[in-house]
Amino acid sequence: MDLHFGDSKPTDDERAAVDALLGPPESSWEGADRSDADLRWARGGREARDRRDLLLPGLHALNDRIGWISEGALGYLCRRLTVPPAEAYGVATFYSMFSVRPRPATVLHVCTDLACATAGAAELLAGTEENLGAGEDGGTGGGHGEEEDGDSGAGDGGDSGERRGAGDGGDSGKGRGAGARGGVRVERSPCLGLCERAPAALAIRAGDPVRTAVSAPATTGTAVLAAVAPDSSPEEPRAAAAVPQAGQEGLILLRRVGVVDPSSLDDYRAHGGYMALRHAFALGPAGVIREVTDSGLVGRGGAAFPTGRKWQATAAQPDRPHHLVCNADESEPGTFKDRVLLEGDPYALVEAMTIAGYAIGAHRGFLYIRGEYPRATRRIRHAVEQARARGFLGDDVLGQGFAFDIEIRRGAGAYICGEETALFNSIEGFRGEPRSKPPFPVEQGLFGKPTVENNVETLVNVLPILTMGAPAYAAIGTAKSTGPKLFCVSGSVDRPGVYELPFGATLGELLELAGGRDGLRAILLGGAAGGFVRPDELAIPLTFEGTREAGTTLGSGVVMAFDDSVPLPRLLLRIAEFFRDESCGQCVPCRVGTVRQEEALHRIVTRTGAAAASDITLLREVGRAMRDASICGLGQTAWNAVESAIDRLGAYA
Amino acid sequence: MTVTPLGIPRRLLEFTIDGETARVPEGATILDACRAAGTDVPTLCEGDTLRPKNACRVCVVEVEGSRTLVPACSRRAEPGMVVRTGTERVRHSRRIVLELLASSVDLSTTPRVADWIKEYEAKPDRFGPGAARVDEEPRIDNELYVRDYGKCILCYKCVDACGDQWQNSFAISVAGRGFDARIAVEHDAPLTDSACVYCGNCVEVCPTGALSSKSEFDMRAAGTWDESRQTETTTVCAYCGVGCNLTLHVQDNEIVKVTSPHDNPVTHGNLCIKGRFGYQHVQNRG
């Protein structure tokens with residue numbers, strides 16, 4: 001590749017951020033000072049290009065330390081990785097957590113999605129913006145901010161680590177009422193996965209190290225405190241606080257949450273940890289796949305594909321190496337179960353990934369975790385390090401001659417990256433755009449190799465399958481939906497949180513458990529890509545087949561209850577905004593369709609009956625084309641919730 | 001000596017298009033089969049010299065057993081497949097896709113699209129005057145070609161031609177996301193600050209006229225561009241020894257555009273800056 005780099009140079013800080021990830025450059029070909037040796041030696045070819053997958057971690061390194069990605073910084077990163085700058089720019093602008101324009105070192109992400117919207121997100125946003133100043137563009141979309149003035153302080157970054165937010169720092173003086181006041185940019189965020197503690201805000205302060213603080217449930221005061229002083233912001237409640245059933249008898253997936261110390265491998269082992277892996281080694285790879293197949297386990301991410309079949313199809317591929325990918329890019333509005341598992345019982349996922357890797361013949365597992373989950377990332381990273389140090393990961397797992405290790409990759413604010421093939425592209429250092437299928441991941445997945453991609457909850461289910469045996473596991477739940485299921489209950493209930501129930505419990509039973517309130521107007525199943533049901537449909541069994549029969553979907557297990565506090569058309573508009581913001585833009589039906597859907601919902605937000613009829617016709621027609629002709633599930637489901645609200649709830653009637 | 005590449009003989013497979021049996025070589029796409037059968041399938045992002053990107057979704061067809069419609073341009077034919085190209089469902093999606101495109105970008109220089117809009121009874125105005133559009137001014141930052149992204153449908157063809165499929169310059173990429181996504185060089189700089197080598201191979205594959213040579217852009221602006229008055233003469237480039245075929249588009253005895261035949265085994269439609277843009281000396285009659 002004969003790449004062209006501009007003249008912009010990285011600052012010392014930017015260079016240090018990249019070098020901390022990649023090591024010092026070996027030659028001037030990689031951006032070091034030129035030496036005589038460079039004239040007789042060139043680094044290039046496949047070896048140089050093969051590190052493209054470090055582009056996203058490199059962008060994170062810059063964004064974490066500096067707060068944004070400058071021309072010089074991007075150019076240096078491209079030089080180090082032999083990536084064309086235009087492509088790297090395309091990648092950097094794809095993710096909403098990155099900015100290619102100067103911005104304050106601290107960004108406060110205020111969730112404006114459904115659960116938070118009903119819990120007062122609008123007031124929280126207004127309050128924080130008033131206190132901290134908003135972005136000129138209202139803070140939508142991090143990558144496309146229009147901050148013109150260079151914002152001094154954020155750029156030269158050297159002292160950003162020390163800066164304590166409000167009051168000091170060169171950028172606070174500039175003000176301009178443009179998000180620079182106090183050195184904090186307030187941005188609207190899609191669901192932060194903290195729905196049980198709505199409304200939520202997440203502060204991220206660039207520096208070395210980067211600091212984060214979560215405020216949930218947030219008031220203007222606590223959110224502002226998190227932004228201006230993330231280090232002295234109160235610690236988040238324990239993960240178990242999100243599990244109202246924590247400590248109860250009979251739990252399977254959640255039994256260790258709140259019981260074990262999530263940082264202690266010994267504690268994990270004392271509570272039955274690594275039993276399943278020993279069983280797996282005794283069974284052999286084919287035996288593990290047989291157990292998983294016999295258990296009837298299907299994917300918990302929403303698509304409900306039989307896990308055993310996926311594993312078998314990958315294991316049987318002659319092409320090597322095989323890869324395992326764990327999808328922890330939990331971004332469906334209303335979903336937070338994976339976060340709770342990662343925070344409360346991280347070793348369980350490490351063990352489950354090891355078993356999956358063993359079964360399918362993979363030696364590398366990638367864990368792709370969403371960028372908005374700082375605590376879950378810390379916990380799982382610690383768990384992986386501990387497991388590696390103690391021989392539970394590495395060249396010889398448990399002395400069984402099986403090599404397996406886990407790499408953690410962070411997302412950077414893109415719902416679409418939860419789509420399995422978009423996630424591959426994201427890991428590989430390309431824009432997180434879905435690929436067309438076929439070929440399917442089991443044939444050509446990550447790096448073009450046979451790949452199994454499973455959701456966190458799916459993988460964690462493998463542990464009880466192996467410890468209790470497939471028949472006992474399959475006896476839980478219904479014949480077609482076996483095992484336990486996690487549900488994320490939020491909204492208008494007394495005890496929001498993650499609930500574990502065997503498949504087959506009804507919606508009413510779940511809501512009763514969570515303390516459903518009177519005056520229920522609607523229940524959203526499956527998140528923004530799911531569908532609404534009426535409060536008189538509580539008898540719907542929570543199984544894949546039961547929800548399908550009822551003409552709705554279980555999705556990833558979101559159950560969001562709404563009363564009348566926020567008008568339904570407003571909620572629908574927020575869902576439409578979400579899809580417009582999160583569409584990757586690759587295919588026309590979704591790229592333009594989600595915009596037209598939002599425009600139509602805007603027009604009819606206060607209309608009903610005949611006044612809304614023509615726009616509803618338009619919505620139906622555009623929705624049908626999105627469902628039929630979009631490349632991936634995002635576009636195909638972008639109209640689901642709106643359609644269900646019109647047809648089931650009688651919205652706009 | 002003319003060598004006709006024969007390739008490895010491929011088995012034929014049989015499947016059904018609109019009730020008729022189609023026989024195509026293994027590896028052929030549904031679109032190949034439709035074209036061989038004389039069935040018109042509209043395409044925009046498909047390019048005869050590029051791998052299918054299936055981004056525009058205007059070529060969708062119905063395949064029995066498939067939950068969604070499938071893009072004809074990229075889906076390979078399989079034995080026994082049952083394909084329908086003219087059902088109400090197919091026509092609906094094509095109509096909506098045309099309406100979405102025509103309501104958001106300027107398709108005035110996109111060949112054939114006006115016919116399809118009529119054929120599928122698309123009404124781009126139905127989204128009202130407030131419908132968001134890709135409003136971009138033409139970017140004229142060099143003397144060779146113009147980027148008018150108000151006409152861009154984001155088909156990715158220019159990116160693919162500039163990248164590993166042909167030119168390997170990697171000067172452009174898609175930047176941003178969703179409706180705000182645009183084709184851009186790094187930091188959205190002018191072309192003159194980018195890795196662009198001005199081969200114009202992106203111009204060659206652009207299906208909408210968003211990319212056009214400066215000469216064509218100027219003539220269109222002046223109202224003098226008239227393809228009916230143009231002749232096309234294919235010759236061999238005189239610059240170097242590679243032997244690229246050039247097709248000279250001549251209007252009023254002036255070369256107004258240079259392309260290369262896509263089936264030319266030397267160029268596959270691609271040229272370099274000299275072949276595509278360096279023709280002024282021919283017209284120097286001084």
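**Reading strands, domains and chain contacts**

Visitor: How far apart are the C-alpha centres of domain 1 of chain A and domain 3 of chain A?

Guide: The C-alpha centres of those two domains lie 25 Å apart. Keep in mind that this is a predicted model. The two domains do touch: the contact takes 11 residues from domain 1 of chain A and nine residues from domain 3 of chain A.

Visitor: Which helices supply the domain 1 side of chain A that touches domain 3 of chain A?

Guide: α3 (55-66) and α5 (85-92) of chain A each supply at least two residues there. The largest share comes from α3(A), with five residues. As for chemistry, that side of domain 1 of chain A divides into seven nonpolar, two polar and two charged residues.

Visitor: And where do the domain bounds of chain A fall?

Guide: The assignment for chain A gives domain 1 (12-92), domain 2 (106-236), domain 3 (311-457), domain 4 (484-562) and domain 5 (568-647).

Visitor: Let's look at a strand. Why is strand β1 (residues 106-111) of chain A described as largely enclosed?

Guide: The idea is to count neighbours: a residue is called buried if 20 or more other C-beta atoms lie within 10 Å of its own. In β1(A), six of the six residues are buried, so the strand is largely enclosed by the rest of the structure.

Visitor: Which residues point which way from β1(A)?

Guide: A:T106, A:L108 and A:V110 point one way, while A:V107, A:H109 and A:C111 point the other way, and all are buried.

Visitor: Which strands pair with β1(A), parallel or antiparallel?

Guide: There is one of each kind here. Strand β2 (residues 184-189) of chain A pairs with β1(A) in the parallel sense over six bridges, whereas strand β3 (residues 201-205) of chain A pairs with β1(A) in the antiparallel sense over five bridges. To see both at once, go to A:L108: this residue stands opposite A:V186 in β2(A), and its bridge partner in β3(A) is A:A203.

Visitor: Now the two chains. How many residues of chain A are in contact with chain B?

Guide: Interface size is often given as the accessible area lost when the parts come together. Here we go by residue contacts instead: 41 residues of chain A are in contact with 42 residues of chain B. On the chain A side, the elements giving two or more residues are α5, α22 (568-582), α23 (588-603) and α24 (610-629). α23(A) gives the most, with eight residues.

Visitor: What classes of residue make up the side of chain A that touches chain B?

Guide: That side has 18 nonpolar, 12 polar and 11 charged residues.

Terms used: Residues numbered from 1 in each chain as written. Chains lettered and ligands numbered in written order. Predicted model: local features only at pLDDT ≥ 70, side-chain atom pairs only at ≥ 80, totals over all residues. Buried ≥ 20, exposed ≤ 12 C-beta atoms within 10 Å, placed from the backbone. Helix = DSSP H or I, 4+ residues; strand = E, 2+ residues; numbered from the N terminus. Pairing = 2+ DSSP bridges. Domains from an automatic or database assignment. Contact = placed C-beta atoms within 7 Å. Nonpolar A, V, L, I, M, F, W, Y, C, P; charged D, E, K, R; others polar.
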